[in-house]
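Here are a few short exercises for you to try with the model open. Each comes with a worked solution.

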Amino acid sequence: MARSKARETKGDEEEPRRVSTLELHGDLAFQRREWQAQRVGQALLALVVALGIVGVFGEGLLGPVRAISPDGVLSVTYDRFARRGARTRLRIDLAAPAEGPHSVRISRGYVEAVEVRQITPAPGEVALTPEGTELVFELEGAGAVELDIWPSRAGRLDCDLVLDDRVRVSLWQWVWF
Amino acid sequence: MEPVVRAAAVYVLVLLVVRISGKRTLAEITTFDLVLLLLIGEATQQALLGDDFSVTNAAIVIATLTGLDLAFSRLKQHSRRAEQVLDGVPLLIVDHGRPLKDRMEQEGVDEWDVMAAAREKHGLQRLEQVKYAVLEVSGGISIVPIDAPTGS
């Protein structure tokens, strides 16, 4: 009985000896490699979930990041990571500018790589320039503009925002396929 | 071009996830597994089609998925290594009534699973009556009873 128990709980590192009557196209060496690959794959799946929670694929615990101009007048809040075809938001804060019309120019490369579906508040004027798209707003004191954006290209997107042709903020986003 | 890339990417992704999750994962579908499959299908639908719901796009996606499946089938026919990589290999888990515990543990199979298959397929009552149990690439368990003819 003890012998039987010992035999039952023993590891099976060696191949069973009596498989001669069973025509089995097994491959234990391959199977062991497959188990290793599965463990690596399962770890990767867990990593994907963890990275998703953290926000590496957008909208996570890390939250949006902010880029501020050296004088603090222009700041942009945005998602460092976004997904192609999924909404992301760009918030442009203008700190206490003088009253009157103010222009915000978004670099051409960025505008070509995304689809801007909504701008809140709506700009009074939109102008296309060789450098990019210029949005003109009537602001009284400080204000914020929000752009709802759907990236249409994957990869790194660089964006320059220029306020009134003098204050510049540069940022980059990574867009997943 | 894009629908083909989308469909191929989703095909490979699903193939990888299924292979990673092991042989037994979808072998016996419980009610929850069925719901889970529907949820996975729902999640992949958008990735497959994007925002193009035209019949043409659907046709391209279906043709790509079916074409890939046929291509992999042909590949498996001609290459044993490809068959092993894509489908896995059958695994002996009971040898003359002796459960091969390490293998069963790796595959998430226990003696109850083997006995369930033994009862269902051959009306066997004890593990000692099982000559061989093989975990097939489909995730099912094949049973060879101890008194089965050995052939020649």
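Strands here are DSSP runs of type E with at least two residues, numbered from the N terminus. Please keep in mind that the model is predicted.

**Exercise 1.** Find where Pro121(A) sits, and describe the peptide bond that joins it to Thr120(A).

*Solution.* Start with the place: Pro121(A) belongs to the loop between strand E6 (114-120) and strand E7 (125-129) of chain A. Next, check omega: it is about -5° for the bond between Thr120(A) and Pro121(A), a cis peptide bond. For background, most peptide bonds are trans.

**Exercise 2.** Look at phi in the loop between strand E10 (155-163) and strand E11 (167-176) of chain A, and classify Asp164(A) as buried, partly exposed or exposed. Do likewise for Asp165(A).

*Solution.* Begin with Asp164(A), whose phi is positive, near 50°. Its relative accessibility is 24%, and buried requires under 20% while exposed requires over 50%, so Asp164(A) is partly exposed. Move on to Asp165(A), in the loop between E10 and E11: phi is positive here too, about 65°. Because its relative accessible area is 57%, Asp165(A) is exposed.

**Exercise 3.** Describe the interface between domain 1 and domain 2 of chain A.

*Solution.* First, take the bounds: the domain assignment gives domain 1 (33-63) and domain 2 (65-176). Six residues of domain 1 and five of domain 2 make the contact. Then turn to area: about 570 Å² is buried between the domains, with 47% from carbon and sulfur atoms. Val56(A), Phe57(A) and Glu59(A) supply 69% of the area that domain 1 buries against domain 2. Finally, count interactions: there are zero salt bridges across this interface, and two residue pairs are in polar contact.

Notes. Residues numbered from 1 in each chain as written. Chains lettered and ligands numbered in written order. Predicted model: local features only at pLDDT ≥ 70, side-chain atom pairs only at ≥ 80, totals over all residues. Heavy atoms only, no water. Helix = DSSP H or I, 4+ residues; strand = E, 2+ residues; numbered from the N terminus. Buried < 20%, exposed > 50% of the residue type's maximum accessible area, 1.4 Å probe, protein only. Domains from an automatic or database assignment. Contact = heavy atoms within 4.5 Å. Buried area = accessible area lost by both parts, 1.4 Å probe.
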